[in-house]
Amino acid sequence: MGRHGWYSGVGRWRLIALLGVGAAALALAVTLLNTLSGDSGSTAGTTRDGDKVHGTPARPHGAGGPDVGWGFTHTQYSADEGGDAADARVEKLLSGRSMPQNQHIMGWGVGNPEPSKGRYDFDELDRRIDFVRASGGTPVVTLCCAPDWMKGGRPGAAHTDWSRSALETAPDRAHYKDFAALAATVARRYPDVRHFVVWNEFKGFWDDSGSRWDYEGYTELYNLVYRALKKVDRDIMVGGPYLVMDSVDPRQEQDASTAVRGAWGAVDQRVLDAFGYWNKHRAGADFVVVDGSSYTRDDDLLPDEFAATDKFTAVSEWVRARTHGLPLWWAEYYVEPADGADDRKGWSETHRVAVQAAGMIALARGGVSTGFYWNPEDEKGPDCPGCLWTPTGNDDGGRAMPMFGLVSRFGTEFPPGTEYRKAAVAADDRADVRVLADDDAVLVVNTRDRKISAEVDGRRFDLAAYEVKWLDR
């Protein structure tokens, strides 16, 4: 999650994260070819039968309902496009774990799915879905972003604009039905995808003149997509609105909620207004989706990086109280502010994993049943802060990193439907640890940058600085 859209700052929408695999080079080559030939809308590489079932659909494991559990989102350099050996290592890591894996339909490693109206190019999305199938994951598709011709751009594969401003543009209202038709085409092409998220973070729906979200426009789009997907298969599960639960300094009064606030800050009231409208006027929903960070819009972690995660609990409880039992998903959740280059490299990996664990504990305490870790996925290099595995562009890449151990085990130990239990913590140790437990396991996080001794669940043990420890019960 980053800062983008209606306010300034660096966001995670770096150009490199938006380009489809090889899309920049391909677009340049095709543009030159079309310029020489006089063709302004080439259909090369496209097909009319986009809704033809691709490959061999797999039955996802353990994903019969609206909850899918804890998984991750694929971004630019994922494990379907690195070296063969590295990709195979990641596939082996994931196999048997049934982790939910989320992929957008345009950007984040895949190209323009419908360069011209009725002409489709699903090659890269096919490859991603194939990887999810091969690794035994539960596929989830986020329906974002929109082809250029739906938002005032030129049709044709040669004219796809991969700039941040273009990708953050929502479809024109006149093309809402076209986008819904594209969503239905995707659903027919991948019948084993049972979970769809509509759009991403209200991108392109900010109303500058009114200084508020165009929640009427988003809800209209959402309802058209919802109905289109249900016509394909009534058992398809659909969710939204994927709003960013931004927060401001607790001392700020302008646009600050008086209802959802704490030492960590106050949620922007304009976000809550948008959520309320969607929730009242939605055609239906099988699950609810939000995202956000534990830090404020100004990148402040209040009162510190661990206590700031209490925001996840407060926001989740507020949403669930208004959605009458619908499962709650967090499509993205962030605990470490980015620097000016949108990198998160300021913390050690041990520190990063500890705060991430505290964030996941806070989400679970708020009643969240599904969450997606935004995997940074560098192409190459000696390190990859926060990545689930080492870069697959390296010959020896594809090896599990500490964050993978946390996210995968959290999903295994605390699947949807988990009944959480209390784990006693000695009074003198409560300020030092974060704890989550069920009947079988206890997760303990040392929030201190030093070694401590703590008594949890009737056992006393040492914890290294920022150590994350699992106990069997």
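K451 counts as exposed, since its relative accessibility is 59%, where exposed means over 50% relative accessible area, buried under 20%, and partly exposed in between, with a 1.4 Å probe and protein chains only. The side chain of K451 meets that of D462 in a salt bridge, with 3.7 Å from N to O, a salt bridge being a side-chain nitrogen of Lys or Arg within 4 Å of a carboxyl oxygen of Asp or Glu. K451 sits in the loop between β15 (441-446) and β16 (452-456), while D462 belongs to strand β17 (residues 459-463), so that the pair links distant parts of the chain, eleven residues apart. D462 itself counts as partly exposed, at 44% relative accessibility.

This is a predicted model, in which local features need pLDDT of at least 70 and side-chain atom pairs count only at pLDDT 80 or more, whereas totals for chains, interfaces and linings use all residues. Residues are numbered from 1 along each chain as its sequence is written, and side-chain values use heavy atoms, with hydrogens and water left out.

**Salt bridges**

By the rule given above, the count comes to 30 salt bridges, and three of them are set out here.

| Pair | Closest N and O atoms |
|---|---|
| K451 and D462 | 3.7 Å |
| R212 and E216 | 3.0 Å |
| R352 and E336 | 2.7 Å |

R352 lies in helix α10 (residues 349-365) and E336 in the loop between β12 (328-334) and α10, so this salt bridge ties together parts that are 16 residues apart in sequence. R352 counts as buried at 5% relative accessibility, and E336 counts as buried at 6%. In the pair of R212 and E216, R212 is partly exposed at 25% relative accessibility, and E216 is also partly exposed, with a relative accessible area of 30%.

**Helices that pack together**

Helices and strands are DSSP runs (H or I, at least four residues, for helices; E, at least two, for strands), numbered from the N terminus. Two packed helices are described by the angle between their axes and the distance between the axes; here the axes are lines fitted to C-alpha atoms, for helices over the stretch in contact, and angles run from 0 to 180 degrees between N-to-C directions.

The axes of helix α7 (residues 215-232) and helix α8 (residues 269-281) come within 9 Å and cross at roughly 35 degrees. Among the residues that make this contact (heavy atoms within 4.5 Å) are Y215 and E216 of α7 and W278 and H281 of α8. Helix α6 (residues 176-189) also packs with α7, at an angle of about 35 degrees and with the axes 8 Å apart. The residues of this contact divide into twelve nonpolar, one polar and three charged, where Ala, Val, Leu, Ile, Met, Phe, Trp, Tyr, Cys and Pro count as nonpolar, Asp, Glu, Lys and Arg as charged, and the others, Gly among them, as polar.

**The two faces of α3**

The buried residues of helix α3 (residues 84-94) are A86, D87, V90, L93 and L94. They cover an arc of only 115 degrees around the axis, which puts them on the same side of α3; the arc is that of the directions from the helix axis to the C-beta atoms. These buried residues pack against β1 (70-73), β2 (100-104), α4 (123-134) and α11 (402-413), whereas the face turned away from the buried side of α3 carries the exposed residues D84 and K92.
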